[in-house]
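Trainee: Could you take a close look at one chain of this model for me, and then set it against its partner? I'd like one connected walk through it.

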Amino acid sequence: MNIIVLIKQVPEIEKVRFDYEKGRLDRSSAGAVTNPFDLNALEAAVQIRERVGGVVTAISMGPMQAIESLRDALARGADRAILLSDERFAGADTLATAYTLAAAIKRLGKFDLVICGEKTVDGDTAQVGPEVAEFLGIPHAAYVEEILDVEKGWIIVRARMERSYYLMRLRLPALITVTKDINNPRLPSLKDKLRAMRMPIPVWNYTDLSEIADPKYFGLNGSPTRVIKVYTPISEKRKGQMISGSPKEVSQRILQILRENKILA
Amino acid sequence: MMKNSGIPSSLIVENLKGVVGDKWVITEREFMENYLKDETPDPIRPKPAEDLILVKPSSTEEVSRILKIANENRIPVFPVGGRTGLVGGAVPTEPGIILSLERMSRIEVDEENLMAVAEAGATLGDLIKAAESAGLFFPPHPGDEGAQIGGLIATNAGGARAIKYGVMRNYVRGLEIVLPTGEILSLGGKLLKNNTGYDLMQLIIGSEGTLCVITKAVIRLFPKSKYMVTLIVPFNERSDALRTVPQILRSGIIPLAIEYVQLREILEAAGHINENWPVQKGLAQLIIILEGSSQEEILSACEGISKVCEANNAIDILLAETPEEQNRILKIRSNIYTALKPRMMDILDVTVPPSSLEKLMEQVDMIASKYGIYLPTYGHAGDGNLHVHIMRKDVESIDMAKKIKEEIYGAALKLGGVITGEHGIGKLRTENISLVLSEKHIDIMRSIKRIFDPNNILNPNKVLP
């Protein structure tokens with residue numbers, strides 16, 4: 001089974017600062033790590049391969065330093081990794097990112113399953129996975145919290161809905177995005193980490209992907225999203241109020257407040 | 001009426017209010033419950049006295065005036081920090097004043113000198129954060145992050161990350177203290193070398209609140225290491241795991257920490273805080289934390305460690321690199337105590353020369369099988385510091401727990417060790433201190449106590465038997 005895992009390197013979200021003037025994360029303010037949800041995606045892929053055999057390929061789009069996240073993926077069980085890196089891929093919104101990732105998947109050839117994390121902790125949109133599926137013209141399921149079965153040509157998953165769940169049988173090739181509940185990502189062994197440090201990771205650029213996709217949809221040029229303003233919403237706090245007096249006075253006052261605020265007629 | 005004092009406590013309360021303000025003198029028992037105990041297991045924790053006054057000063061001058069009042073009226077004073085101690089050291093065991101410095105919690109980081117000036121009431125968590133936001137690093141992790149600087153110094157706290165840079169004592173460069181008689185002294189400073197006279201500062205570190213009240217400290221910081229990893233190494237045999245530790249240190253690699261845990265306890269700790277422990281194999285595991293300036297440097301050190309571990313039959317070597325994974329490991333490890341505590345009778349912290357740890361463990365095993373019980377054990381293996389727990393269900397009485405404790409103490413002493421490596425003497429171990437210290441040694445300690453505290457008002461009947 002050919003499984004592709006999409007991975008993003010993100011800033012350490014607990015430490016990163018937000019640049020309010022530019023309306024974006026100041027990525028220089030924190031170290032970089034693999035998006036935590038992507039580790040669940042990778043673990044899910046490795047578990048399927050351990051059961052039915054196959055090859056797990058990790059793909060990431062980003063600057064050259066994102067190669068660290070791919071090395072991490074190799075240490076944690078991916079068989080190979082590809083980095084999509086080119087200045088002309090930069091500034092991509094979710095649509096252009098999904099388009100570029102889909103182009104890379106097409107360039108790889110035959111595949112059975114694409115697994116992504118439910119979202120990234122920096123963008124938080126949860127859009128890229130389903131958009132990739134659309135560009136590839138394959139079915140998808142988002143927020144998968146359990147893979148019940150993978151059989152010839154099909155995958156059965158349980159996806160989280162707000163207060164229920166959705167049991168889906170998808171025809172392969174398909175794409176799923178997974179939640180943190182699906183598994184506990186394993187720690188890599190030191191041996192695998194050292195091996196991963198020595199493995200070559202091919203880098204695909206603008207020219208490589210222009211062979212199979214329309215480059216005008218790459219990067220900033222291919223991104224219809226425009227960030228106009230970013231602000232922190234003011235959170236409403238509970239306003240405590242002490243009312244004293246006899247039980248009768250207090251209850252009268254409460255009634256009055258509830259009426260004033262149109263909670264009671 | 002307070003013990004030894006000839007005046008009614010209401011007058012004392014008024015005097016104290018005159019110093020710190022009405023709001024910061026608390027006499028109602030229900031508002032001081034948290035100040036009456038520390039983290040010592042319930043069955044053996046000393047009972048707090050009745051008739052107590054909780055006072056929260058905001059400055060060194062206020063501390064001085066409070067101590068003068070107490071000294072003039074012969075009222076015992078119990079300085080408390082975060083109350084995370086394990087030997088009843090901070091429990092107010094006699095009627096008197098509980099002195100909490102929690103309002104004195106400022107920290108200033110001096111980036112030029114790589115030092116922090118912290119008031120005694122700042123917490124370990126505050127210090128870690130302050131260092132971090134200045135791009136610096138406070139290497140040790142001497143216990144609960146709610147512990148306060150004053151308490152950490154007064155107890156010379158140790159903890160997990162002491163191998164490479166040492167315990168609390170190795171970080172303190174200066175102290176501001178208030179004597180029980182009210183005088184304020186400044187000891188040391190932002191100095192790395194200081195050879196001026198007897199080093200009273202070192203005497204104060206570890207004096208457990210019996211000599212003076214610490215109000216401020218100069219604490220050494222280090223540049224933040226650029227790269228850190230945590231290894232988990234499972235072994236089938238406990239002796240294999242313990243034998244590995246001195247061999248790693250001999251190989252020339254000094255990790256920040258080498259912790260020894262057993263699968264049974266670490267799984268219990270993980271369950272207790274609803275987390276997953278990432279390595280389910282091997283009876284005994286080593287947790288090794290390494291830090292350095294680059295990934296290459298540290299991975300090459302890891303290769304060195306892996307050779308030693310493999311030669312000692314390690315089953316596997318797993319590596320946590322992301323801060324999230326490393327923090328989870330440290331958090332679970334730190335929660336072994338909280339997971340076991342509700343069922344615990346006592347926690348010991350015997351310490352032996354690092355290479356004797358394997359022998360100590362054999363002795364502990366023999367003691368356990370002699371009594372037909374299980375003694376949950378983990379420890380700071382790189383420091384020769386072992387935590388052995390005596391569980392309630394295994395002992396019929398406090399006396400039986402004492403017997404087991406004394407046998408474990410005996411085993412540690414025979415190996416050239418001591419009864420406590422980090423928890424201190426507090427109240428609980430005063431009955432055992434003479435196992436380690438000679439009569440003459442204790443006499444000198446008594447004389448020192450008299451010089452600092454002629455009226456024996458400060459944390460009385462602690463440390464000294």
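Mentor: Of the 465 residues in chain B, 50% are buried. Keep in mind that this is a predicted model. The radius of gyration of chain B is 23 Å, and a compact globule with 465 residues would come out near 23 Å, so the two agree. Lay the C-alpha trace of chain B along its principal axes and you get about 70 × 55 × 45 Å. As for what it's built from, chain B has 13 helices and 18 strands. Take the contacts in chain B with a separation of 6 or more: 74% of them are between residues 24 or more positions apart.

Let's go through the sheets of chain B, starting with a four-stranded one. Its strands form an open sheet in the order 1-2-4-3, with mixed pairing. The edges belong to strand 1 (25-26) and strand 3 (77-80) of chain B; each has a single partner strand, so one side of each has no neighbour in the sheet. Further in, strand 2 (residues 52-55) of chain B pairs with strand 4 (residues 96-100) of chain B in the parallel sense, over four bridges. If you want a spot to click on, B:Ile53 stands opposite B:Ile97 in strand 4 of chain B. Then look at helix 1 (residues 9-20) of chain B, which lies across strand 1 and strand 2 of chain B. Helix 1 of chain B runs at about 5 degrees to strand 2 of chain B.

Now for the other sheet. Five strands of chain B make an open sheet in the order 5-6-10-8-9, and here the pairing is antiparallel. Strand 5 (107-110) and strand 9 (184-188) of chain B are the edge strands, each pairing on one side only. On average, and ignoring direction, neighbouring strands of this sheet are turned by 15 degrees against each other. Over on the strand 9 side, five bridges pair strand 8 (residues 172-178) of chain B with strand 9 of chain B in the antiparallel sense. B:Leu175 has B:Leu187, in strand 9 of chain B, as its bridge partner. Packing on this sheet is helix 3 (residues 124-133) of chain B, which touches strand 5, strand 6 (115-119) and strand 10 (213-220) of chain B. The direction of helix 3 of chain B makes about 35 degrees with that of strand 5 of chain B.

Okay, over to the partner. Chain A comes to seven helices and 13 strands. With 265 residues, the globule rule gives 18 Å, but the radius of gyration of chain A is 23 Å, well over that, so chain A is more spread out than a compact globule. Its C-alpha trace spans about 80 × 45 × 40 Å along the principal axes. Buried residues make up 38% of the 265 residues in chain A. Among contacts in chain A with a separation of 6 or more, 68% come from residues 24 or more positions apart.

A good place to zoom in on chain A is strand 6 (residues 55-61). Six of its seven residues are buried, so strand 6 of chain A is largely enclosed by the rest of the structure. Who are its neighbours? Strand 1 (residues 2-7) of chain A runs parallel to strand 6 of chain A, joined by six bridges, and A:Asn2 stands opposite A:Val55. Strand 7 (residues 80-84) of chain A is also parallel to strand 6 of chain A, with five bridges, and there A:Thr57 stands opposite A:Arg80. To get from strand 6 to strand 7 of chain A, the chain passes through helix 2 (residues 67-75), making a right-handed β-α-β crossover.

For a single residue, try A:Val128, which sits in helix 4 (residues 128-136) of chain A. A:Val128 has 25 C-beta neighbours inside 10 Å, so it counts as buried. Leaving out neighbours within four places in sequence, A:Val128 is in contact with A:Thr94, A:Thr97, A:Ala98 and A:Cys116.

Finally, bring the two chains together. The contact takes 13 residues from chain A and 19 residues from chain B. On the side of chain A that touches chain B, the largest share is four residues from helix 5 (residues 190-198) of chain A. By class, that side of chain A has seven nonpolar, two polar and four charged residues.

Definitions and conventions:
Residues numbered from 1 in each chain as written. Chains lettered and ligands numbered in written order. Predicted model: local features only at pLDDT ≥ 70, side-chain atom pairs only at ≥ 80, totals over all residues. Buried ≥ 20, exposed ≤ 12 C-beta atoms within 10 Å, placed from the backbone. Helix = DSSP H or I, 4+ residues; strand = E, 2+ residues; numbered from the N terminus. Pairing = 2+ DSSP bridges. Right-handed = clockwise from strand over helix to strand, strands pointing away. Contact = placed C-beta atoms within 7 Å. Nonpolar A, V, L, I, M, F, W, Y, C, P; charged D, E, K, R; others polar. Axes fitted to C-alpha atoms, helices over the stretch in contact; angles between N-to-C directions. Rg over C-alpha atoms; globule rule 2.2 N^0.38 Å.
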